[in-house]
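Student: I am new to this structure and should like to learn how to read its features. Could we take them in turn?

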Amino acid sequence: MDREDRRVETGADASDDRVERGLALLERLEHESLALADVVDRIEMVTSDPAVTRTILDEAELRGIIERDDGIVRPKSRQYVSFDQDVITKEGEFSCQRCGSGLSTGYFIDLDAGELGPFGSSCIRKVTGRDG
């Protein structure tokens with residue numbers, strides 16, 4: 001089954017806004033290489049749908065955003081998230097999208113394809129790759 005057949009079967013395609021946000025996030029990974037499981041963990045900030053996750057990974061490879069080899073993902077871009085320009089802080093009542101903790105300050109990643117978040121102060125660093 002080729003990629004086009006999978007898209008028809010799952011209903012996920014590159015025009016899906018989750019796919020575009022996932023691709024935008026993968027373009028901003030701050031690692032030379034990551035285990036596929038770690039990349040999937042980050043994609044789960046956008047979607048938990050396995051079909052959409054597969055589409056994001058396939059499309060990222062097709063567009064040259066990543067290379068995949070034997071369970072290792074190598075990001076090709078060096079456009080990292082800038083905390084000064086790409087992270088927006090909002091006050092309010094939020095739940096961290098990564099860990100579920102209650103937040104009074106939410107951190108959101110502002111990507112061209114849309115906003116991701118909210119995240120807490122430690123989770124925003126993990127999502128962007130600033131902490132291991």
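Tutor: Let us begin with a term that will be needed shortly: two residues are in contact when heavy atoms of theirs lie within 4.5 Å. Please keep in mind that this is a predicted model. With that term in hand, consider helix H2 (residues 17–26). Arg18, Val19, Gly22, Leu23 and Leu26 of H2 meet Val52, Thr55, Ile56, Glu59 and Ala60 of H4.

Student: Which classes of residue make up the contact of H2 with H4?

Tutor: That contact holds six nonpolar, two polar and two charged residues.

Student: How does one describe the way in which two helices pack?

Tutor: Two values serve for packed helices: the angle between their axes and the distance between the axes. In the present case, H2 and H4 pack at an angle of about 50°, and their axes are 9 Å apart. H2 is therefore oblique to H4. The crossing of H2 with H4 is right-handed.

Student: At what angle do H3 and H4 pack?

Tutor: Helix H3 (residues 36–43) and helix H4 (residues 50–62) pack at about 115°, with 11 Å between their axes. Angles of 65 to 115 degrees count as roughly perpendicular, so that term applies to H3 and H4. Their crossing is right-handed. On the H3 side the contact involves Leu36, Val39, Val40 and Ile43, which meet Thr53, Ile56 and Leu57 of H4. By class, six of these residues are nonpolar, one is polar and none is charged.

Student: I should now like to place these helices in the whole chain. How many helices and strands does the protein chain have?

Tutor: The protein chain has five helices and six strands. Read from the N terminus, the order of elements is α-α-β-α-α-β-β-β-β-β-α. The chain has 132 residues, of which 40% are buried. Among contacts with a separation of 6 or more, 53% are between residues 24 or more positions apart.

Student: How should I read a sheet, and in what order do the strands of the open sheet lie?

Tutor: One general point concerns side chains: in a regular strand they alternate between the two faces of the sheet. Here, an open sheet of three strands has the order E4-E5-E6, and the pairing is antiparallel. Strand E4 (87–95) and strand E6 (114–119) are the edge strands, each pairing on one side only. On average, neighbouring strands of this sheet are turned by 30° against each other, direction ignored.

Student: Over how many bridges do E5 and E6 pair?

Tutor: Strand E5 (residues 102–111) pairs with E6 over four bridges, in the antiparallel sense. Two residue pairs may be located in the view: Ile109 stands opposite Leu116 in E6, and Leu111 stands opposite Gly114 in E6. A hairpin through two residues joins E5 to E6.

Student: Which helix lies across E4, E5 and E6?

Tutor: Helix H5 (residues 121–128) lies across these three strands, and H5 runs at about 25° to E5.

Student: Where is the turn residue with a positive phi in the hairpin of E2 and E3?

Tutor: Two residues lie between E2 and E3 in that hairpin, and Asp70 in the turn has a positive phi of about 55°. Strand E2 (residues 66–69) and strand E3 (residues 72–75) run antiparallel and are joined by four bridges. Within this pairing, Ile66 stands opposite Pro75 in E3.

Student: How does one judge a single residue? Is Gly106 buried or exposed?

Tutor: A residue counts as buried when its relative accessible area is under 20%. Gly106, in strand E5, has a relative accessible area of 0% and is therefore buried. Beyond its neighbours within four places in sequence, Gly106 is in contact with Ile88, Thr89, Lys90, Phe94, Pro118 and Phe119. Thr89 is 17 residues from Gly106 along the chain, and their C-alpha atoms are separated by 5.7 Å.

Student: Why does Ala24 count as buried?

Tutor: Ala24 counts as buried because its relative accessibility is 9%. Ala24 belongs to helix H2. Leaving aside neighbours within four places in sequence, Ala24 is in contact with Leu111 and Ala113. The C-alpha atoms of Ala24 and Ile56 are 9.9 Å apart, with 32 residues of separation along the chain.

Terms used: Residues numbered from 1 in each chain as written. Predicted model: local features only at pLDDT ≥ 70, side-chain atom pairs only at ≥ 80, totals over all residues. Heavy atoms only, no water. Pairing = 2+ DSSP bridges. Axes fitted to C-alpha atoms, helices over the stretch in contact; angles between N-to-C directions. Parallel < 35°, antiparallel > 145°, perpendicular 65-115°, else oblique. Left-handed = near helix turned anticlockwise from the far one by under 90°. Nonpolar A, V, L, I, M, F, W, Y, C, P; charged D, E, K, R; others polar. Buried < 20%, exposed > 50% of the residue type's maximum accessible area, 1.4 Å probe, protein only.
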